[in-house]
Amino acid sequence: MGLESDFNPTQRFSLRAEAYARYRPSYPRATLGVLERECGLTAASRIADIGSGTGLLARLFLDFGCEVTGVEPNIAMREAGERMLSSEPRFHSVEGRAEATTLPERSVDFVTAGQAFHWFEPVAARAEFQRILKPTGWVVLIWNERLVTPGFMGEHEALQNQFAHEKPHPTEAEFSAFYGHADWRLARLPNQQFLNLEGLRGRIESSSWSPLPGADGYESMVEEITRLFRKYERAGRVTMEYETTLYYGRVALRLQGPNQSRP
């Protein structure tokens, strides 16, 4: 497969764990408010964070007081998360996948996934989430999605697409098929990240699809990132603008057709 494989998504981030931990944005605290109001999240809630990676989403729930089990198949990412959260007694790390978490039946109130659901096999993951969730549990799928606006963000997106083609975001029909109904909910929250040149380069290098040092296109990518930074930096920083999207709902006992979309 070379260094990374399109056919083994659980290994795609092995060489990018450090960049992911250092340069990916965190999730806005307002996420907790949405889940409190809409889903009954409390500090006593037990969370299974699937594809927990370096612990960015787990940190949000730990700071709120929840007990979190991070389920991560990639050893480099899992170890990075364990290091980052080593002082958290309420964090537990296990080797597992969305389709086989190793967690006990009906043991969690929430299943969460940050920047990860698009890597899951949805039918098998859905069955596994139903197994580990309590009867009133929720599945929460979260992304930090870059805004594309004129100026820096638009040019950054063009650069990203040139050097780091990303896996497409799931469609509404795919969400409806996963939840088993079209009554899942969507919340949108603003988010920002302030980056120096090293951070901007690290942010794009954290993408599993971008060229690694020594690979074809890497030097050209670095040159373009540097040019973009010099053009738009203010006081040594550029601002990455995101919209954090939360898809949340309860999974139904019966599946609906994959082509049914929201009304």
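## The largest cavity

In this predicted model, the largest cavity encloses about 40 Å³ of space, and the structure holds one cavity of 30 Å³ or more. The residues that line the largest cavity are Tyr20, Arg24, Pro25, Tyr27, Leu56, Gln115, Asn144 and Arg203. Sorted by class, this lining is made up of four nonpolar, two polar and two charged residues.

One of the lining residues, Asn144, falls within strand E5, which spans residues 133-146, and this strand is the subject of the next section.

## Strand E5 and its neighbours

Strand E5 (residues 133-146) is mostly covered, with ten of its 14 residues buried. It pairs with strand E4 (residues 108-114) in the parallel sense, and six bridges connect the two. Within that pairing, Gly114 has Ile142 of E5 as its bridge partner. Between the two strands the chain passes through helix H5 (residues 122-132), and the resulting β-α-β crossover from E4 to E5 is right-handed.

Strand E5 also pairs with strand E7 (residues 238-249), in this case antiparallel and through eight bridges. Here Ile142 stands opposite Leu246 of E7, so that, taking both pairings together, Ile142 is matched with Gly114 as well as with Leu246. As a general point about such elements, side chains in a regular strand alternate between the two faces of the sheet.

## Thr31 in helix H2

Where does Thr31 lie? Thr31 belongs to helix H2, which covers residues 30-39. Because its relative accessible area is 0%, which is under the 20% limit, Thr31 counts as buried.

When residues up to four places away in sequence are set aside, Thr31 touches Leu60, Ile142, Leu189, Thr244 and Leu246. Among them are Ile142 and Leu246, the two residues that stand opposite each other in the pairing of E5 with E7, and this helix residue therefore contacts both members of that pair while being buried itself.

## Leu159 in helix H6

Leu159 is part of helix H6 (residues 152-163). With a relative accessible area of 6%, Leu159 is likewise classed as buried, because this value too is under 20%.

Which residues does Leu159 touch, not counting residues up to four places away in sequence? They are Ile204, Glu224, Ile225 and Leu228. In the case of Ile204, which is 45 residues apart from Leu159 along the chain, the C-alpha atoms of the two residues are separated by 9.3 Å, and the pair nevertheless appears in the contact list of Leu159.

How values were computed: Residues numbered from 1 in each chain as written. Predicted model: local features only at pLDDT ≥ 70, side-chain atom pairs only at ≥ 80, totals over all residues. Heavy atoms only, no water. 1 Å grid on protein atoms, 1.4 Å probe; cavity = no way out; pocket = protein on both sides within 12 Å on 5 of 7 lines; lining within 4 Å. Points joined across faces, edges and corners; volume = space filled by probe spheres on them. Nonpolar A, V, L, I, M, F, W, Y, C, P; charged D, E, K, R; others polar. Buried < 20%, exposed > 50% of the residue type's maximum accessible area, 1.4 Å probe, protein only. Helix = DSSP H or I, 4+ residues; strand = E, 2+ residues; numbered from the N terminus. Pairing = 2+ DSSP bridges. Right-handed = clockwise from strand over helix to strand, strands pointing away. Contact = heavy atoms within 4.5 Å.
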